Amino acid sequence: MRRLATPAALIVAALAYFVPQVAGGAPVAYAACTTIAILAVMSYGADLILSYLGEVSLGHTIFWAAGGYAASLLAVNAGWNGWATAGAAIAVSVVLAAILGLVTLRTREFVFSLVTYAAAVVAMEVAFNWPFLGGSDGIVGVPPLQLTLFGWGVSGSGNEDLWPIAWALLMLTLLFIQRFRHSRLGTSALMVQMNPDLAVALGVDGRTVRFLVFVASAPISALAGWLYAYQRAYVGPDMFESYFLVLMLTAIVIVGRRLLLGPLIGTALIIVQQTFFSIGGDGDKIVLGAVLAAILLLWPTGLIGLWNVLRAGTTRRA
Amino acid sequence: MNLAQQIINGLVLGSGYALIAIGWTVLLGAARLVNFAHGQLYMLAAFIAWAAMHKLGVGYFVAVPLAVLALGLIGVVLQAMMLRPVMQQNLTSLMIVTLGFGYVIQGGASRIFGGDPESFISPIQTASIRFGEIWFTWQDVLTLVGTLLLFGVLWLVLNRTRLGALVRSVAEDPKLAQLFGINAALVYIGVFVFECAAVALGAGLVAPRSPILTSMGFDEVILTFVVVVLGGIGSVGGSLLAGFGLGMFTALFGALVSPAYTTAAAFLLLLAVLVMRPRGLAAR
């Protein structure tokens, strides 16, 4: 049963490709699904840090925005195609993550969180004031995404065109996370988090592991930002808003940490609420923040934990 | 540039930073809890004082104590909700929980008070004092004196009274403190209430400098984080020094280099310090 869980999860995620069509094929269905896929990928970047290192990174909006800015700048000013801008998004985010990773290498817990947050504030201030990055206006007029391989490919800017790409990006991310969980780095990260003494005894260098996981997580959020730039045809300093930060964290904890599909389901729940059951921008903020706080205070293990409690209750009674 | 004026500005800015930071410093030192709702609590206090002045018609000097009282009550409620993870010292969860609280407060405040900037004005903000080239307001004097008084009283309470000894013992080792019959939960609640009340006082004195917005939130107080870390986690005297140091730095950097990049410069300074001393300047 447990051995089949991962392939089953991947198959479920793969079948999600047909969700917009099944949901009637309306533009709003494509828009919602594309947004969910993009924001879920963004969350998986932060998930790597929260679930496997046990630290709270408040700086992943930097990588998210870096991906978006890299794509927009190069597509608008240099006319680069989708592959090239994606490569640039990865490169920029890796460089930024390496710098931030080195700076925060010796910080833990709240100092790590606060420093990553501070770095995000600095990055936003730079994006807001630097004319090269468009300043407060951002960069407008991002051309339609062009991704071609051996003559076959996609190009477009509508959500119906972008959905297959968003879905493919999501699947790639899931496969990467799945590989990571079973890799030496992934298991070392968990060991460093849960039993640092054992890690030291086995010759695992905690700092190297933390640094590598941090750097590996950045391109994931950056690629989400890359696609987001094409979806909106615009990037601006609003990519640093705390909305994305709170969304990432909520998406990760809502279902339960260290679950392959956790952040995806979490993001889907949040975006469905905000798209179809919205109670106004401020009301949605209250919902999102309250869900985040309530989950951690009432069922720290997420909805899965709640489910386990309920199931244990019924089996005991039976 | 008038150097004397910039030094005055630095002192005024610095006392504001120290005042807004002090609750956070004490909370971090005693409970190891980072309250990411700190900025939203600051915003809420400013709006409660503003609403008291404009809806209830009370004066500024009544409105600010009212806001301090209201935030103290909110502090009791918030800490009561967080008590279980606080007792377990589940710090990762707590950080995220306070982030959620902050988001709720921000959404709730914009629903109640609207999204427009409001002017929260102190009557002594317009009363200024001039010595030749140098210029400051009575509000600046009040902030500076209020900050020094609060720090003095706090230092005395923490170091010279039984109450202070309780807080310090819980900060040192909560389990051991409990073995000696100290109610750690009560101490945590007290410290959190102090944080909320202190940030409300800070908002009452500092927020009148500029229009207030429900979206100002964390970015408005993020600079005080520099004060908390540079001063040394939990160090009252260190916070005061770091506050004034940061005030001088921002005033001079803003005047000499560029006002737009002041926050960025302050953080680069902080990052540089953290690379060399990950636990802050005051850490031994």
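Me: Before anything else, when are two residues in contact here?
Reply: When their C-beta atoms, placed from the backbone, lie within 7 Å. Keep in mind that this is a predicted model.

Me: OK, so for contacts in chain B between residues at least 6 apart in sequence, what percentage join residues at least 24 apart?
Reply: 76% of those contacts in chain B do.

Me: And what's the secondary structure of chain B?
Reply: Chain B has 11 helices and two strands. Going along the sequence, the pattern is α-α-α-α-β-β-α-α-α-α-α-α-α.

Me: How does the radius of gyration of chain B sit against a compact globule?
Reply: It agrees: a compact globule of 284 residues would come out near 19 Å, and chain B has 19 Å. The C-alpha atoms of chain B fill a box of roughly 60 × 45 × 35 Å along the principal axes.

Me: What share of chain B is buried?
Reply: Buried residues account for 50% of the 284 residues in chain B.

Me: Switching to the contact between the chains. How many residues does each one put in?
Reply: Chain B gives 34 residues and chain A gives 32 residues.

Me: Which elements of chain B give two or more residues to that side?
Reply: Helix H3 (60-88), helix H4 (91-113), helix H9 (217-231) and helix H11 (262-276) of chain B. H4(B) has the largest share of the side that touches chain A, with 16 residues.

Me: And by class, what's on the side of chain B that touches chain A?
Reply: That side of chain B has 24 nonpolar, eight polar and two charged residues.

Technical notes: Residues numbered from 1 in each chain as written. Chains lettered and ligands numbered in written order. Predicted model: local features only at pLDDT ≥ 70, side-chain atom pairs only at ≥ 80, totals over all residues. Helix = DSSP H or I, 4+ residues; strand = E, 2+ residues; numbered from the N terminus. Nonpolar A, V, L, I, M, F, W, Y, C, P; charged D, E, K, R; others polar. Rg over C-alpha atoms; globule rule 2.2 N^0.38 Å. Buried ≥ 20, exposed ≤ 12 C-beta atoms within 10 Å, placed from the backbone.
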